[in-house]
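I am keeping these entries to record what I looked up in one structure, residue by residue and then for the whole chain.

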Amino acid sequence: QVQLVESGGGLVQAGGSLRLSCVASGITFRINAMGWYRQAPGKQREFVAGIGRYGATYYTDSVKGRFTISRDNAKNTVYLQMNSLKPEDTAVYYCNPVATAWVPQGDYWGQGTQVTVSS
């Protein structure tokens, strides 16, 4: 029943911007903290940004000041606004409910959305 659908990725030049969206179903969205995670080729999946049920946010150091996570509970959607993109941001981006300490629940993963940043 859980469905996570990410969208908004694409090819962008360094310094550009993208806005990712994740629509969640099969969960009570408003009471779940949500996170964005990414996986680059040859690397493990890593935490990028998280937002609590009441809007508190947390970011990994490498994206702090460039990325902004937000949520719209009426739309069951979490967003990731990505500005000043760098080639090292290239990865497949996934959303997931947060279990604890920004660790994903990980019971289900969507397809993710590919972000490619060229130099």
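**Entry 1: lysine 43.** I looked up lysine 43 and found its place in the loop between strand E4 (34–39) and strand E5 (46–51), where strands (E, at least two residues) and helices (H or I, at least four residues) are DSSP runs numbered from the N terminus. I noted that lysine 43 is exposed, with a relative accessible area of 59%; the terms I use are buried for under 20% relative accessible area, exposed for over 50%, and partly exposed in between, with a 1.4 Å probe and protein chains only. I also looked up a distance, and lysine 43 and alanine 91, which are 48 residues apart in sequence, are 9.5 Å apart in space, C-alpha to C-alpha.

**Entry 2: what I am reading.** I should write down early that this is a predicted model, in which local features need pLDDT of at least 70 and side-chain atom pairs count only at pLDDT 80 or more, while totals for chains, interfaces and linings use all residues. Residues are numbered from 1 along each chain as its sequence is written, and side-chain values use heavy atoms, with hydrogens and water left out.

**Entry 3: the chain as a whole.** I counted eleven strands and zero helices in the chain, so by the globule rule I checked its overall size next: the radius of gyration is 13 Å, close to the 14 Å that the rule gives for 119 residues, and the chain is therefore as compact as a globular protein of that length. For this, the radius of gyration is taken over C-alpha atoms, and the globule rule is 2.2 Å times the number of residues to the power 0.38. Along the principal axes, the C-alpha atoms fill a box of roughly 40 × 25 × 25 Å. I noted that 42% of the 119 residues count as buried, and that the chain exposes about 6,300 Å², of which carbon and sulfur atoms supply 46%; these areas come from the Shrake-Rupley method with a 1.4 Å probe, and for residues only the protein chains shown count as cover.

**Entry 4: the disulfide.** How many disulfides does the chain have? I found one disulfide, under the rule that a disulfide is a pair of cysteine sulfur atoms within 2.5 Å. It joins cysteine 22 to cysteine 95, with 1.7 Å from S to S. The pair links distant parts of the chain, since cysteine 22 is in strand E3 (residues 18–25) and cysteine 95 is in strand E9 (residues 91–100), 73 residues apart. I added that cysteine 22 and cysteine 95 are both buried, and that their link is right-handed, with 45° about the S-S bond.

**Entry 5: two buried residues in strands.** I turned to isoleucine 69, which lies in strand E7 (residues 67–72) and counts as buried at 4% relative accessibility. Leaving aside neighbours within four places in sequence, isoleucine 69 is in contact with several residues, among them Met34, Trp36, Ile51, Tyr59 and Leu80, where contact means heavy atoms within 4.5 Å. I then looked up valine 98, which is found in strand E9 and counts as buried at 11% relative accessibility. Not counting residues up to four places away in sequence, valine 98 touches Ala33, Met34, Gly35, Tyr37, Val103, Pro104 and Gln105. The C-alpha atoms of valine 98 and tryptophan 36 are separated by 9.3 Å, although the two residues are 62 residues apart along the chain.

**Entry 6: loop residues with positive phi.** Where is the place of asparagine 76? I found asparagine 76 in the loop between E7 and strand E8 (77–82), partly exposed with a relative accessible area of 27%, and its phi is near 50°, a positive value in a residue other than glycine. Tryptophan 102 has its place in the loop between E9 and strand E10 (103–104) and counts as partly exposed at 24% relative accessibility. Phi of tryptophan 102 is near 65°, again a positive value in a residue other than glycine.

**Entry 7: threonine 28.** My last look was at threonine 28, in the loop between E3 and E4, which is partly exposed with a relative accessible area of 39%. Threonine 28 and threonine 113 are 85 residues apart in sequence and 23 Å apart in space, C-alpha to C-alpha.
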